[in-house]
Amino acid sequence: MNKILRFFLRLHLLFFVFFTPIDPKTAQAFTGTYGINYGRIADNIPSPDEVVTLLRAAKIKNIRIYDADHSVLEAFSGTGLELVIGLPNGFLKEMSSNESHAMNWVKENVQSFLPRTKICGIAVGNEVLGGGDYELWGALLGAAKNIYNSLKKLHLTDVVQITTAHSQAVFANSYPPSSCIFKDNIVQFMKPLLEFFSQIGSPFCLNAYPFLAYTSDPENIDINYALFQSTQGIYDSKTNLHYDNMLDAQIDAAYAALEDAGYKKMEVIITETGWASHGDGNEAAATLDNARTYNYNLRKRLAKKKGTPFRPKNVVKAYIFAIFNEDMKPGPTSERNYGLFKPDGSISYDIGYHGLKSSSADSSHLSLKDIQARGWARSCPLILIILLWLHLFSS
Ligand SMILES: *[C@@H]1O[C@H](CO)[C@@H](O)[C@H](O)[C@H]1NC(C)=O
(Lines give C-alpha, C1' and ligand atoms only; values in the text may rest on other atoms or scores of the structure.)
Protein backbone atom coordinates (compact mmCIF):
# COMPACT_ATOMS: atom_id res chain seq x y z
CA MET A 1 0.00 0.00 0.00
CA ASN A 2 2.83 2.33 0.93
CA LYS A 3 4.51 1.61 -2.40
CA ILE A 4 1.36 2.42 -4.28
CA LEU A 5 1.01 5.66 -2.40
CA ARG A 6 4.56 6.67 -3.19
CA PHE A 7 4.02 5.76 -6.81
CA PHE A 8 1.05 8.07 -7.04
CA LEU A 9 2.83 10.84 -5.22
CA ARG A 10 5.61 10.65 -7.75
CA LEU A 11 3.11 10.63 -10.58
CA HIS A 12 1.44 13.66 -9.07
CA LEU A 13 4.77 15.46 -8.94
CA LEU A 14 5.55 14.49 -12.52
CA PHE A 15 2.17 15.82 -13.56
CA PHE A 16 2.90 19.24 -12.13
CA VAL A 17 6.40 19.29 -13.56
CA PHE A 18 4.96 18.68 -17.01
CA PHE A 19 1.84 20.79 -16.87
CA THR A 20 2.81 23.86 -14.87
CA PRO A 21 3.48 26.48 -17.52
CA ILE A 22 6.96 27.96 -17.35
CA ASP A 23 6.87 31.74 -17.54
CA PRO A 24 7.86 32.63 -21.07
CA LYS A 25 10.71 35.10 -21.32
CA THR A 26 9.13 36.94 -24.18
CA ALA A 27 5.56 37.89 -24.91
CA GLN A 28 3.56 35.90 -27.41
CA ALA A 29 1.09 38.02 -29.32
CA PHE A 30 -0.90 35.29 -31.09
CA THR A 31 -2.33 32.83 -28.57
CA GLY A 32 -4.93 31.12 -30.76
CA THR A 33 -4.85 29.83 -34.32
CA TYR A 34 -7.66 31.90 -35.85
CA GLY A 35 -7.48 35.68 -35.64
CA ILE A 36 -8.83 38.53 -37.73
CA ASN A 37 -7.70 41.89 -39.08
CA TYR A 38 -9.84 44.90 -38.22
CA GLY A 39 -9.12 47.30 -41.06
CA ARG A 40 -10.94 50.60 -40.82
CA ILE A 41 -10.38 52.42 -44.12
CA ALA A 42 -14.11 52.97 -44.50
CA ASP A 43 -16.71 55.61 -43.67
CA ASN A 44 -19.65 53.28 -43.17
CA ILE A 45 -18.60 50.47 -40.80
CA PRO A 46 -20.03 49.76 -37.32
CA SER A 47 -18.63 51.48 -34.22
CA PRO A 48 -15.76 49.83 -32.28
CA ASP A 49 -18.27 48.85 -29.54
CA GLU A 50 -20.43 47.03 -32.09
CA VAL A 51 -17.31 45.36 -33.46
CA VAL A 52 -16.54 44.02 -29.98
CA THR A 53 -20.07 42.54 -29.86
CA LEU A 54 -19.56 40.97 -33.27
CA LEU A 55 -16.16 39.48 -32.38
CA ARG A 56 -17.44 38.06 -29.12
CA ALA A 57 -20.40 36.44 -30.87
CA ALA A 58 -17.97 34.92 -33.39
CA LYS A 59 -15.67 33.80 -30.53
CA ILE A 60 -12.67 35.42 -32.21
CA LYS A 61 -10.16 36.52 -29.59
CA ASN A 62 -7.06 37.56 -31.57
CA ILE A 63 -7.39 40.84 -33.48
CA ARG A 64 -5.00 43.07 -35.43
CA ILE A 65 -5.51 46.74 -36.19
CA TYR A 66 -3.30 48.90 -38.41
CA ASP A 67 -2.81 51.86 -36.09
CA ALA A 68 -3.34 52.68 -32.42
CA ASP A 69 -6.69 54.44 -32.70
CA HIS A 70 -7.74 55.38 -29.18
CA SER A 71 -11.47 54.87 -29.74
CA VAL A 72 -10.70 51.24 -30.65
CA LEU A 73 -8.31 50.78 -27.70
CA GLU A 74 -11.05 52.15 -25.38
CA ALA A 75 -13.73 49.88 -26.84
CA PHE A 76 -11.52 46.81 -26.36
CA SER A 77 -10.82 47.71 -22.72
CA GLY A 78 -11.97 45.04 -20.28
CA THR A 79 -13.15 42.72 -23.06
CA GLY A 80 -10.33 40.18 -22.82
CA LEU A 81 -9.85 40.43 -26.59
CA GLU A 82 -6.14 40.26 -27.49
CA LEU A 83 -4.97 43.03 -29.70
CA VAL A 84 -1.98 43.62 -31.92
CA ILE A 85 -1.71 47.30 -32.78
CA GLY A 86 0.20 48.86 -35.67
CA LEU A 87 2.86 51.51 -35.93
CA PRO A 88 2.01 52.87 -39.41
CA ASN A 89 4.77 53.16 -42.03
CA GLY A 90 4.50 56.95 -41.90
CA PHE A 91 6.01 56.92 -38.38
CA LEU A 92 9.00 54.69 -39.09
CA LYS A 93 11.60 57.33 -39.96
CA GLU A 94 10.75 59.42 -36.92
CA MET A 95 10.79 56.41 -34.55
CA SER A 96 14.04 55.19 -36.02
CA SER A 97 15.86 58.51 -35.73
CA ASN A 98 14.62 59.63 -32.33
CA GLU A 99 14.49 57.32 -29.33
CA SER A 100 12.48 59.72 -27.20
CA HIS A 101 9.74 59.90 -29.84
CA ALA A 102 9.55 56.11 -29.76
CA MET A 103 9.26 56.22 -25.96
CA ASN A 104 6.47 58.81 -26.15
CA TRP A 105 4.57 56.76 -28.71
CA VAL A 106 4.76 53.65 -26.51
CA LYS A 107 3.67 55.58 -23.41
CA GLU A 108 0.71 57.22 -25.14
CA ASN A 109 -0.53 54.29 -27.20
CA VAL A 110 0.46 51.20 -25.22
CA GLN A 111 1.36 51.79 -21.59
CA SER A 112 -1.59 54.09 -20.85
CA PHE A 113 -4.07 51.42 -22.04
CA LEU A 114 -2.51 48.43 -20.28
CA PRO A 115 -3.60 46.19 -18.68
CA ARG A 116 -7.33 46.90 -19.24
CA THR A 117 -6.84 46.75 -23.00
CA LYS A 118 -4.89 43.60 -23.76
CA ILE A 119 -2.33 44.98 -26.19
CA CYS A 120 -0.10 41.98 -26.74
CA GLY A 121 1.78 43.03 -29.85
CA ILE A 122 3.01 45.94 -31.93
CA ALA A 123 3.45 45.47 -35.66
CA VAL A 124 6.17 47.95 -36.57
CA GLY A 125 5.41 48.90 -40.19
CA ASN A 126 3.49 46.83 -42.71
CA GLU A 127 4.97 45.27 -45.89
CA VAL A 128 7.97 47.62 -45.80
CA LEU A 129 10.72 45.47 -47.38
CA GLY A 130 9.98 44.90 -51.05
CA GLY A 131 7.68 47.95 -51.10
CA GLY A 132 8.20 51.14 -53.09
CA ASP A 133 9.73 53.44 -50.44
CA TYR A 134 13.44 52.56 -50.11
CA GLU A 135 14.01 55.04 -47.28
CA LEU A 136 11.64 52.96 -45.17
CA TRP A 137 13.71 49.81 -45.80
CA GLY A 138 16.57 51.46 -43.94
CA ALA A 139 14.39 52.84 -41.13
CA LEU A 140 12.54 49.61 -40.27
CA LEU A 141 15.13 47.95 -38.03
CA GLY A 142 15.96 51.16 -36.15
CA ALA A 143 12.28 51.79 -35.48
CA ALA A 144 11.73 48.21 -34.29
CA LYS A 145 14.74 48.50 -31.96
CA ASN A 146 13.71 51.85 -30.51
CA ILE A 147 10.15 50.66 -29.88
CA TYR A 148 11.51 47.47 -28.29
CA ASN A 149 13.95 49.40 -26.08
CA SER A 150 11.14 51.69 -24.94
CA LEU A 151 9.05 48.65 -23.97
CA LYS A 152 12.05 47.25 -22.15
CA LYS A 153 12.56 50.42 -20.11
CA LEU A 154 8.87 50.30 -19.17
CA HIS A 155 9.16 46.57 -18.24
CA LEU A 156 6.60 45.60 -20.86
CA THR A 157 8.58 43.16 -23.04
CA ASP A 158 7.02 40.15 -21.32
CA VAL A 159 3.55 41.45 -22.24
CA VAL A 160 3.99 43.07 -25.67
CA GLN A 161 5.71 41.42 -28.63
CA ILE A 162 7.34 43.32 -31.49
CA THR A 163 6.89 42.12 -35.07
CA THR A 164 6.63 43.41 -38.63
CA ALA A 165 4.55 41.87 -41.41
CA HIS A 166 6.11 41.03 -44.78
CA SER A 167 4.44 40.63 -48.14
CA GLN A 168 5.43 37.87 -50.53
CA ALA A 169 7.40 40.47 -52.48
CA VAL A 170 10.40 39.65 -50.24
CA PHE A 171 10.77 36.20 -51.85
CA ALA A 172 12.36 34.90 -55.03
CA ASN A 173 11.71 31.41 -56.48
CA SER A 174 8.74 30.37 -54.39
CA TYR A 175 8.05 27.31 -56.54
CA PRO A 176 8.58 24.60 -55.48
CA PRO A 177 8.42 25.69 -51.82
CA SER A 178 11.86 24.28 -50.91
CA SER A 179 13.58 26.52 -53.49
CA CYS A 180 12.38 29.78 -51.93
CA ILE A 181 14.96 32.40 -50.91
CA PHE A 182 14.89 36.08 -50.05
CA LYS A 183 15.39 38.44 -53.00
CA ASP A 184 18.95 39.59 -53.55
CA ASN A 185 18.28 43.28 -52.94
CA ILE A 186 16.33 42.49 -49.75
CA VAL A 187 18.75 40.13 -47.99
CA GLN A 188 20.98 42.92 -46.64
CA PHE A 189 17.96 44.46 -44.86
CA MET A 190 16.24 41.21 -43.98
CA LYS A 191 19.16 39.45 -42.26
CA PRO A 192 19.82 42.06 -39.55
CA LEU A 193 16.07 42.24 -38.93
CA LEU A 194 15.86 38.45 -38.56
CA GLU A 195 18.87 38.53 -36.25
CA PHE A 196 17.15 41.06 -33.99
CA PHE A 197 13.81 39.23 -34.04
CA SER A 198 15.48 35.90 -33.25
CA GLN A 199 17.20 37.53 -30.25
CA ILE A 200 13.89 38.83 -28.87
CA GLY A 201 11.93 35.66 -29.72
CA SER A 202 9.66 37.18 -32.38
CA PRO A 203 8.18 35.19 -35.27
CA PHE A 204 8.35 35.87 -39.02
CA CYS A 205 5.04 37.45 -40.01
CA LEU A 206 3.76 36.91 -43.53
CA ASN A 207 0.81 38.29 -45.47
CA ALA A 208 -0.04 35.40 -47.81
CA TYR A 209 -2.71 35.49 -50.50
CA PRO A 210 -3.37 32.42 -52.66
CA PHE A 211 -5.99 34.69 -54.30
CA LEU A 212 -3.25 36.99 -55.63
CA ALA A 213 -1.00 34.10 -56.71
CA TYR A 214 -3.88 32.48 -58.58
CA THR A 215 -5.02 35.77 -60.14
CA SER A 216 -1.50 36.43 -61.45
CA ASP A 217 -1.26 33.04 -63.18
CA PRO A 218 -4.70 31.43 -63.66
CA GLU A 219 -3.53 29.33 -66.61
CA ASN A 220 -0.96 27.38 -64.64
CA ILE A 221 -2.60 27.17 -61.21
CA ASP A 222 -5.52 24.92 -60.35
CA ILE A 223 -8.05 27.09 -58.52
CA ASN A 224 -9.04 24.12 -56.37
CA TYR A 225 -5.47 24.04 -55.03
CA ALA A 226 -5.76 27.70 -54.05
CA LEU A 227 -9.21 27.14 -52.47
CA PHE A 228 -8.30 24.08 -50.29
CA GLN A 229 -10.58 21.95 -52.48
CA SER A 230 -9.84 18.41 -53.51
CA THR A 231 -7.00 18.39 -56.06
CA GLN A 232 -3.86 16.52 -57.08
CA GLY A 233 -1.78 19.18 -55.37
CA ILE A 234 1.93 19.60 -56.00
CA TYR A 235 4.97 17.50 -55.26
CA ASP A 236 8.25 19.02 -54.06
CA SER A 237 10.93 16.62 -55.27
CA LYS A 238 13.76 18.14 -53.21
CA THR A 239 12.01 17.50 -49.88
CA ASN A 240 9.84 14.64 -51.11
CA LEU A 241 6.81 16.45 -49.69
CA HIS A 242 3.30 16.72 -51.12
CA TYR A 243 1.11 19.82 -50.87
CA ASP A 244 -2.66 19.66 -51.18
CA ASN A 245 -3.25 23.40 -50.76
CA MET A 246 -1.41 26.59 -51.70
CA LEU A 247 -1.41 28.28 -48.30
CA ASP A 248 0.61 25.43 -46.76
CA ALA A 249 3.03 25.70 -49.69
CA GLN A 250 3.37 29.46 -49.24
CA ILE A 251 4.14 29.00 -45.53
CA ASP A 252 6.75 26.33 -46.27
CA ALA A 253 8.32 28.57 -48.91
CA ALA A 254 8.82 31.14 -46.13
CA TYR A 255 10.35 28.44 -43.89
CA ALA A 256 12.72 27.48 -46.71
CA ALA A 257 13.84 31.11 -47.17
CA LEU A 258 14.36 31.47 -43.41
CA GLU A 259 16.42 28.29 -43.31
CA ASP A 260 18.50 29.50 -46.25
CA ALA A 261 19.15 32.78 -44.40
CA GLY A 262 20.27 30.88 -41.29
CA TYR A 263 17.08 31.12 -39.20
CA LYS A 264 15.82 27.56 -39.24
CA LYS A 265 14.11 27.81 -35.86
CA MET A 266 12.03 30.94 -36.46
CA GLU A 267 8.26 30.40 -36.53
CA VAL A 268 6.13 31.68 -39.42
CA ILE A 269 2.80 33.31 -38.60
CA ILE A 270 0.26 34.42 -41.21
CA THR A 271 -0.73 37.98 -40.36
CA GLU A 272 -3.07 38.34 -43.33
CA THR A 273 -4.83 35.94 -45.66
CA GLY A 274 -8.17 36.18 -47.37
CA TRP A 275 -10.10 36.10 -50.64
CA ALA A 276 -12.00 38.94 -52.28
CA SER A 277 -15.71 38.37 -52.96
CA HIS A 278 -15.91 40.92 -55.78
CA GLY A 279 -13.37 42.33 -58.22
CA ASP A 280 -12.62 43.97 -61.56
CA GLY A 281 -12.88 42.30 -64.96
CA ASN A 282 -9.31 41.00 -64.68
CA GLU A 283 -9.97 39.55 -61.23
CA ALA A 284 -12.33 36.82 -62.31
CA ALA A 285 -11.62 34.65 -59.25
CA ALA A 286 -13.01 37.32 -56.93
CA THR A 287 -16.50 35.86 -56.56
CA LEU A 288 -18.80 35.39 -53.60
CA ASP A 289 -18.65 31.64 -54.06
CA ASN A 290 -14.82 31.47 -54.14
CA ALA A 291 -14.47 33.81 -51.16
CA ARG A 292 -16.91 31.68 -49.19
CA THR A 293 -15.12 28.47 -50.17
CA TYR A 294 -11.66 29.84 -49.26
CA ASN A 295 -12.69 31.29 -45.93
CA TYR A 296 -14.79 28.28 -44.93
CA ASN A 297 -12.02 25.82 -45.80
CA LEU A 298 -9.41 28.05 -44.15
CA ARG A 299 -11.45 28.02 -40.96
CA LYS A 300 -11.51 24.22 -41.09
CA ARG A 301 -7.76 24.07 -41.88
CA LEU A 302 -6.87 26.26 -38.88
CA ALA A 303 -9.21 24.38 -36.54
CA LYS A 304 -7.17 21.22 -37.19
CA LYS A 305 -4.29 22.86 -35.30
CA LYS A 306 -1.73 21.16 -37.51
CA GLY A 307 1.60 22.17 -38.94
CA THR A 308 2.72 22.15 -42.56
CA PRO A 309 4.44 19.32 -44.45
CA PHE A 310 7.91 20.91 -43.93
CA ARG A 311 7.31 22.05 -40.33
CA PRO A 312 4.75 19.58 -38.94
CA LYS A 313 5.27 20.73 -35.33
CA ASN A 314 4.56 24.42 -35.97
CA VAL A 315 0.78 24.72 -35.83
CA VAL A 316 -0.47 27.06 -38.56
CA LYS A 317 -1.80 30.34 -37.17
CA ALA A 318 -3.48 32.99 -39.30
CA TYR A 319 -5.26 36.29 -39.01
CA ILE A 320 -8.01 36.52 -41.64
CA PHE A 321 -8.22 39.61 -43.79
CA ALA A 322 -10.61 41.10 -42.87
CA ILE A 323 -13.69 41.83 -40.77
CA PHE A 324 -15.30 44.35 -43.13
CA ASN A 325 -15.37 45.41 -46.75
CA GLU A 326 -13.55 48.76 -46.68
CA ASP A 327 -15.09 51.23 -49.12
CA MET A 328 -12.30 53.81 -48.99
CA LYS A 329 -9.36 51.55 -49.83
CA PRO A 330 -7.58 52.54 -53.04
CA GLY A 331 -6.55 50.08 -55.77
CA PRO A 332 -8.48 47.41 -57.67
CA THR A 333 -12.08 46.59 -56.72
CA SER A 334 -10.96 43.42 -54.92
CA GLU A 335 -9.20 45.59 -52.30
CA ARG A 336 -12.59 46.86 -51.08
CA ASN A 337 -14.18 43.41 -50.90
CA TYR A 338 -12.24 41.18 -48.53
CA GLY A 339 -14.67 41.46 -45.63
CA LEU A 340 -16.37 38.53 -43.94
CA PHE A 341 -18.98 41.14 -43.01
CA LYS A 342 -20.68 43.95 -44.89
CA PRO A 343 -20.64 47.50 -43.53
CA ASP A 344 -24.15 47.05 -42.08
CA GLY A 345 -22.80 44.21 -39.93
CA SER A 346 -24.51 41.39 -41.82
CA ILE A 347 -22.42 38.51 -43.14
CA SER A 348 -20.97 38.73 -46.67
CA TYR A 349 -21.49 34.97 -47.08
CA ASP A 350 -22.10 32.02 -44.80
CA ILE A 351 -19.05 30.40 -43.20
CA GLY A 352 -20.74 29.79 -39.87
CA TYR A 353 -20.77 33.27 -38.34
CA HIS A 354 -23.77 35.39 -37.48
CA GLY A 355 -24.04 39.05 -38.38
CA LEU A 356 -24.81 41.95 -36.08
CA LYS A 357 -28.07 42.58 -37.86
CA SER A 358 -29.90 39.73 -39.43
CA SER A 359 -30.60 39.90 -43.13
CA SER A 360 -32.31 37.29 -45.28
CA ALA A 361 -28.97 35.61 -46.02
CA ASP A 362 -27.92 35.73 -42.43
CA SER A 363 -28.98 32.56 -40.72
CA SER A 364 -26.09 30.16 -40.79
CA HIS A 365 -26.81 26.75 -42.24
CA LEU A 366 -23.43 25.39 -41.39
CA SER A 367 -22.80 22.99 -38.61
CA LEU A 368 -20.06 24.29 -36.36
CA LYS A 369 -19.14 20.71 -35.62
CA ASP A 370 -17.61 20.66 -39.09
CA ILE A 371 -15.36 23.53 -38.17
CA GLN A 372 -14.38 23.41 -34.54
CA ALA A 373 -11.55 21.25 -33.38
CA ARG A 374 -12.85 18.71 -30.96
CA GLY A 375 -9.57 17.41 -29.63
CA TRP A 376 -9.58 19.41 -26.43
CA ALA A 377 -13.25 18.90 -25.77
CA ARG A 378 -12.57 15.20 -25.93
CA SER A 379 -9.47 15.18 -23.72
CA CYS A 380 -10.64 17.66 -21.05
CA PRO A 381 -12.84 15.26 -19.04
CA LEU A 382 -10.10 12.65 -19.12
CA ILE A 383 -7.52 15.08 -17.71
CA LEU A 384 -9.96 16.09 -14.96
CA ILE A 385 -10.55 12.47 -14.00
CA ILE A 386 -6.81 11.79 -13.83
CA LEU A 387 -6.26 14.88 -11.70
CA LEU A 388 -9.04 13.93 -9.29
CA TRP A 389 -7.74 10.40 -9.10
CA LEU A 390 -4.18 11.50 -8.38
CA HIS A 391 -5.45 13.89 -5.76
CA LEU A 392 -7.51 11.25 -3.97
CA PHE A 393 -4.67 8.78 -3.90
CA SER A 394 -1.93 11.13 -2.81
CA SER A 395 -3.70 13.08 -0.09
C1 LIG B 1 14.39 63.97 -30.32
O2 LIG B 1 13.23 64.74 -30.14
C3 LIG B 1 13.28 65.59 -29.01
C4 LIG B 1 11.91 66.20 -28.80
O5 LIG B 1 11.24 66.48 -30.00
C6 LIG B 1 14.39 66.62 -29.20
O7 LIG B 1 14.48 67.48 -28.06
C8 LIG B 1 15.71 65.86 -29.38
O9 LIG B 1 16.74 66.76 -29.66
C10 LIG B 1 15.60 64.85 -30.52
N11 LIG B 1 16.80 64.02 -30.55
C12 LIG B 1 17.44 63.74 -31.67
C13 LIG B 1 18.63 62.84 -31.54
O14 LIG B 1 17.12 64.18 -32.77
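**Which residue with a positive phi follows H6?**

Let us start at the end of that helix and work back along it. The model is predicted, and each exercise below comes with a solution in steps.

**Exercise 1. Find the residue that follows H6 and describe the helix itself.**

Step 1. Go to the end of H6, which covers residues 134–153. The helix is followed by His 155, and the phi of His 155 is positive, near 60 degrees.

Step 2. Now look at the length. H6 has 20 residues and reaches 30 Å from its first C-alpha to its last, close to the 28 Å expected at 1.5 Å a residue.

Step 3. Follow the axis of the helix. H6 has a kink of about 35 degrees, centred on Leu 140.

**Exercise 2. Work out which strands pair with S1, and in which sense.**

Step 1. Find S1 at residues 34–37 and check its two faces. In a regular strand the side chains alternate between the two faces of the sheet. In S1, Tyr 34 and Ile 36 lie on one side, Gly 35 and Asn 37 lie on the other, and all are buried.

Step 2. Take one partner, S12 (residues 318–320). S1 and S12 run parallel and are joined by three bridges. Opposite Tyr 34 you will find Ala 318 of S12.

Step 3. Take another partner, S2 (residues 62–64). Here too the pairing is parallel, over three bridges. Opposite Gly 35 stands Asn 62 of S2.

Step 4. Trace the chain between S1 and S2. The path goes through helix H2 (residues 48–57), and this β-α-β crossover is right-handed.

**Exercise 3. Do the same for S11: is the strand covered or open, and what are its partners?**

Step 1. Count the buried residues in S11 (residues 268–273). Six of its six residues are buried, and the strand is described as mostly covered.

Step 2. Look for S8 (residues 204–207). S8 and S11 pair in the parallel sense over four bridges, with Cys 205 opposite Ile 269 in S11.

Step 3. Turn to S12, which you met beside S1. Two bridges join S11 to S12, and these strands run parallel. The bridge partner of Ile 270 in S12 is Ala 318.

Step 4. Trace the chain from S11 to S12. The chain passes through helix H11 (residues 288–303), and this β-α-β crossover is right-handed.

Step 5. Put two results together. Ala 318 stands opposite Tyr 34 of S1 and is also the bridge partner of Ile 270.

**Exercise 4. Locate two cis peptide bonds and the loops that hold their prolines.**

Step 1. Recall the background: most residues other than glycine have a negative phi, and most peptide bonds are trans.

Step 2. Check the bond from Leu 114 to Pro 115. This bond is cis, with omega near 0 degrees, and Pro 115 sits in the loop between helix H5 (99–109) and strand S4 (118–126).

Step 3. Check the bond between Tyr 175 and Pro 176. This bond is cis as well, with omega about -10 degrees. Pro 176 belongs to the loop between strand S6 (171–172) and strand S7 (181–182).

**Exercise 5. Are Lys 59 and Asn 173 buried or exposed, and what is the sign of phi in each?**

Step 1. Start with Lys 59, in the loop between H2 and S2. Its phi is positive, near 55 degrees.

Step 2. Apply the cut-off: a residue with 12 or fewer other C-beta atoms within 10 Å is exposed. Lys 59 counts as exposed because it has 11 C-beta neighbours inside 10 Å.

Step 3. Move on to Asn 173, in the loop between S6 and S7. Its phi is positive too, near 50 degrees. With 14 other C-beta atoms within 10 Å, Asn 173 is partly exposed.

**Exercise 6. Describe the surroundings of Pro 203.**

Step 1. Place Pro 203 in the loop between helix H7 (184–199) and S8.

Step 2. Count its neighbours. Pro 203 has 19 other C-beta atoms within 10 Å, so it is partly exposed.

Step 3. List its contacts, leaving aside neighbours within four places in sequence: Thr 163, Met 266, Glu 267, Val 268 and Ile 269.

Step 4. Compare sequence with space. Pro 203 and Ala 29 are 174 residues apart in sequence, and 9.7 Å apart in space, C-alpha to C-alpha.

Key:
Residues are numbered from 1 along each chain as its sequence is written. This is a predicted model: local features need pLDDT of at least 70, side-chain atom pairs count only at pLDDT 80 or more; totals for chains, interfaces and linings use all residues. The expected span of a helix is 1.5 Å times one less than its number of residues. The bend at a residue is the angle between axes fitted to the seven residues ending there and the seven starting there. A residue is buried if 20 or more other C-beta atoms lie within 10 Å of its own, exposed if 12 or fewer, and partly exposed in between; C-beta atoms are placed from the backbone. Two strands pair if DSSP finds at least two bridges between them. A crossover is right-handed if, with the strands pointing away from the viewer, the path from the first strand over the helix to the second runs clockwise. Two residues are in contact if their C-beta atoms, placed from the backbone, lie within 7 Å.
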